[in-house]
Structure formats: C-alpha cells, structure tokens
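Work through the exercises below with the sequence and the 3D view side by side. Try each task before you read its solution.

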Amino acid sequence: MKVTTSAARIAATVGALGLIALACATPASAAVPTSTTTATAGDICLWSGRNYTGASWCWNPGNGYVDVPPALHDNVGSFRAQANGCFINWIHVPDRKETRVVRSGDYRRVYDNDFGGKIDAVAPSC
Ligand SMILES: [Ca+2]
C-alpha cells in the first residue's frame with residue numbers, strides 16, 4: 001500500500017515536472033541566446049564552440065542584415081542552417097566584404113578554423 005502511494009506521488013511529481021518543462025520550452029525565443037538553442041525551421045544558428053556548444057544565437061531571414069552578438073563575433077565554432085543566408089566578414093565598411101553563401105541544410109561541426117573565425121554579420125543574401 002505504501003509502495004503504491006509513493007509510486008503515485010512520484011508519477012504525479014514527474015507529470016508536474018513534465019508540464020513545467022513544457023511550459024518553459026514553449027515560450028523560449030530564438031532571440032534569447034542560450035547554450036541549449038536548437039535550430040528550428042527557418043533559422044541559421046551559430047555557436048561559439050565546436051559541436052554546437054557554448055554561446056549560441058539564431059538568425060532568421062526576416063531579421064534582415066544583423067551584426068552577430070559580441071560572443072560570436074569572429075568566433076563561430078559551429079553552425080546549422082535551416083534557411084538560406086550569407087555570412088559576412090567586413091574588410092572595410094561599407095564597400096569591401098568577404099562573404100560565404102549559406103544554404104538551408106548546411107552545417108559545420110567545426111567552423112572556427114574557417115570562415116567562422118571571421119564572421120561579423122549574417123544577411124539574407126550576399
Ligand atoms: Ca571579421
């Protein structure tokens with residue numbers, strides 16, 4: 001009898017935690033950088049660390065041209081794209097830039113040894 005009561009209590013607790021987790025997950029905005037950010041359809045997400053770790057930030061084509069946040073400036077260790085876009089490295093604003101076309105479906109687990117070490121901004125097209 002006591003076991004049943006404990007089991008029921010645990011089940012109720014787990015259910016409540018599940019609801020809390022769901023409630024917390026639902027309003028999470030792509031605009032808020034977190035280390036648990038996951039790329040959702042239509043976004044390009046950048047991480048400071050390799051293998052999608054560290055500081056992260058997601059960009060959406062609807063945002064237009066955006067300078068990447070300071071934590072990711074010249075410091076993108078990995079990325080996942082579920083939208084088309086363009087990575088930009090400014091050589092001289094506003095007339096000289098280096099760009100990389102990004103296609104939906106592109107990803108790099110290690111990007112800091114490549115253009116990730118130079119990224120200044122993301123835009124809908126190059
Ligand atoms: Ca740069």
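The exercises move from the whole chain to its sheet, its core and its hairpin.

This is a predicted model, in which local features need pLDDT of at least 70 and side-chain atom pairs count only at pLDDT 80 or more, while totals for chains, interfaces and linings use all residues. Residues are numbered from 1 along each chain as its sequence is written.

**Exercise 1. The whole chain**

Describe the secondary structure of the chain and the confidence of the model.

Solution. Begin with the elements, where helices (H or I, at least four residues) and strands (E, at least two) are DSSP runs numbered from the N terminus. The chain has one helix and eight strands, and along the sequence they follow the pattern α-β-β-β-β-β-β-β-β. Next, turn to pLDDT, the predictor's confidence in each residue, from 0 to 100. The chain averages 82, and 69% of the residues score at least 70. Over residues 19-36, however, the pLDDT is below 50, and this stretch has 13 contacts in the model beyond near neighbours in sequence; a contact here means that the C-beta atoms of two residues, placed from the backbone, lie within 7 Å.

**Exercise 2. The open sheet**

Work out the order of the four strands in the open sheet, and explain why one side of E2 and of E7 is left without a neighbour.

Solution. Two strands pair if DSSP finds at least two bridges between them. The four strands lie in the order E2-E1-E4-E7, with antiparallel pairing. E2 and E7 stand at the edges with a single partner strand each, so one side of each has no neighbour in the sheet. Now follow the pairings of E4: four bridges join E4 to E1 (residues 44-49), and two bridges join E4 to E7 (residues 107-108). In E4, Ser78 is the bridge partner of Trp47, and Ala81 stands opposite Ile44. On the E7 side, the bridge partner of Arg80 is Tyr107.

**Exercise 3. Strand E4 and the core**

Which way do the residues of strand E4 (residues 78-81) point, and are they buried or exposed?

Solution. In a regular strand the side chains alternate between the two faces of the sheet. In E4, Ser78 and Arg80 point one way while Phe79 and Ala81 point the other way, and all are buried, meaning that 20 or more other C-beta atoms lie within 10 Å of a residue's own, with these atoms placed from the backbone. Then look for Phe79 in the largest nonpolar core, a core being a set of buried Ala, Val, Leu, Ile, Met, Phe, Trp, Tyr and Cys residues joined through C-beta atoms within 7 Å. Of its 19 residues, Ile44, Leu46, Val76 and Phe79 touch the most other members. The largest share of this core, four residues, comes from E1. Leaving out residues up to four places away in sequence, Phe79 touches Ile44, Cys45, Leu46, Trp47, Tyr107, Arg108 and Tyr111.

**Exercise 4. The hairpin**

Identify the partner strands of E5.

Solution. E5 pairs with E6 (residues 96-102) in the antiparallel sense over seven bridges, and the two form a hairpin with three residues between them. Within this pairing, the bridge partner of His92 is Arg96 in E6. Three bridges also join E5 to E8 (residues 121-123), again antiparallel, and here Cys86 has Ala123 as its bridge partner.

Key. A residue is buried if 20 or more other C-beta atoms lie within 10 Å of its own, exposed if 12 or fewer, and partly exposed in between; C-beta atoms are placed from the backbone.
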